Amino acid sequence: MRAPPVALAAALFTAGPAAAQFAEPAPTPAAPAKPEPLFQAPEPETQWELGVGFLGQVGGSFSSDLNTKDEITEINGRPVQILYPGFAGVGGGGGLSLAASWRGILALELDVIYARDNGKGDIDGQEISLAQWALHLPVLFRLQLPAGMVRPFLMVGPDFVIPGDVEAESDFVAPVITGTADPYVALAFGLGFEFLLPVENADLRIPFTLRGTYNPGLGDTIDDRADIDCVGNACAVAIKSEWQWQAAVTLGLAYYFHL
């Protein structure tokens, strides 16, 4: 006997919800991807570098000679002829260095160097020597190349010099020759290189410089170079060891902090 169509429709109607319980759920639609920003801000860069280190130096001290053979200086109302030779000598020293650098391009360096400055002169085979320990405080402005394992730089600035007691020796019996020096300011300049060491998690550098200084306060007359005092026929000459020119080679080791 054939079932009526109404009974078949009712069976399908009741079976639909039951079958839906065993059907797989519809997948959840994925969230739409966020669009890439039109502009990505750059990572912040290190603005300042602070370096501390030590250095050693070997240098020379020089003062030009004066042609005073035809010059007569009047001392206490009497004519006196003083011969002045040129002086030259080699010394050494060392100290500490502090440098602050902006983006590795502009830097300010302060050195504290204790050095042995000395020189010798000769007058007709008679030798005169001057020597002293001096504290040098150069304040150097640097313009440097900020990239690479070897970074060259130029530097210039004042060198504040505080001399110690002068040691003078002479082959002359008369006049009596001594030495003297007052604090002075020289112009310092030079060329340098920083060699970066391949050390992990540390910024270690080897600074190497070629330096020169010029003392514009030392004149070209005998009165500028020496203090002369005569009593009767006896004269004493105190030669100034405020050097006209100096040159030095420095080598050191520095550690840099990035701020």
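This report walks through a few local features of the structure above.

The model is predicted, so to speak of local features pLDDT has to be at least 70, side-chain atom pairs count only at pLDDT 80 or more, and totals for chains, interfaces and linings use all residues. Residues are numbered from 1 along each chain as its sequence is written, and side-chain values use heavy atoms, with hydrogens and water left out.

Let's start with the cysteines. C230 and C235 are joined by a disulfide, with 1.9 Å from S to S; the term stands for a pair of cysteine sulfur atoms within 2.5 Å. By that rule the count is one disulfide. The link of C230 and C235 is right-handed, with 105° about the S-S bond. Both cysteines, C230 and C235, are buried. Here buried means under 20% relative accessible area, exposed means over 50%, and partly exposed is what falls in between (1.4 Å probe, protein chains only).

Next, two loop residues with positive phi, neither of them glycine. Strands here are DSSP runs of E with at least two residues, numbered from the N terminus.

| Residue | Phi | Loop between | Relative accessible area |
|---|---|---|---|
| R103 | near 55° | β4 (87–102) and β5 (106–123) | 33%, partly exposed |
| N201 | near 60° | β10 (184–196) and β11 (204–214) | 80%, exposed |

Over on the surface, D122, D124, E127, E169 and D171 gather in a patch of negative charge. For a patch, residues need over 30% relative accessible area and no salt bridge, and like charges are joined within 9 Å. A salt bridge would be a side-chain nitrogen of Lys or Arg within 4 Å of a carboxyl oxygen of Asp or Glu. Asp and Glu count as negative, and the place of the charge is taken as CG of Asp or CD of Glu. The areas come from the Shrake-Rupley method with a 1.4 Å probe. One member of the patch, E169, is found in strand β8 (residues 167–170), and E169 is exposed at a relative accessible area of 58%.

S63 makes a nice counterpoint. This serine lies in strand β1 (residues 48–63) and is buried, with a relative accessible area of 5%. S63 and E242 are 179 residues apart along the chain, yet their C-alpha atoms are separated by 8.6 Å.

Methods: Patch = residues over 30% accessible without salt bridge, like charges linked within 9 Å, V, L, I, M, F, W, Y side chains within 5 Å. Helix = DSSP H or I, 4+ residues; strand = E, 2+ residues; numbered from the N terminus.
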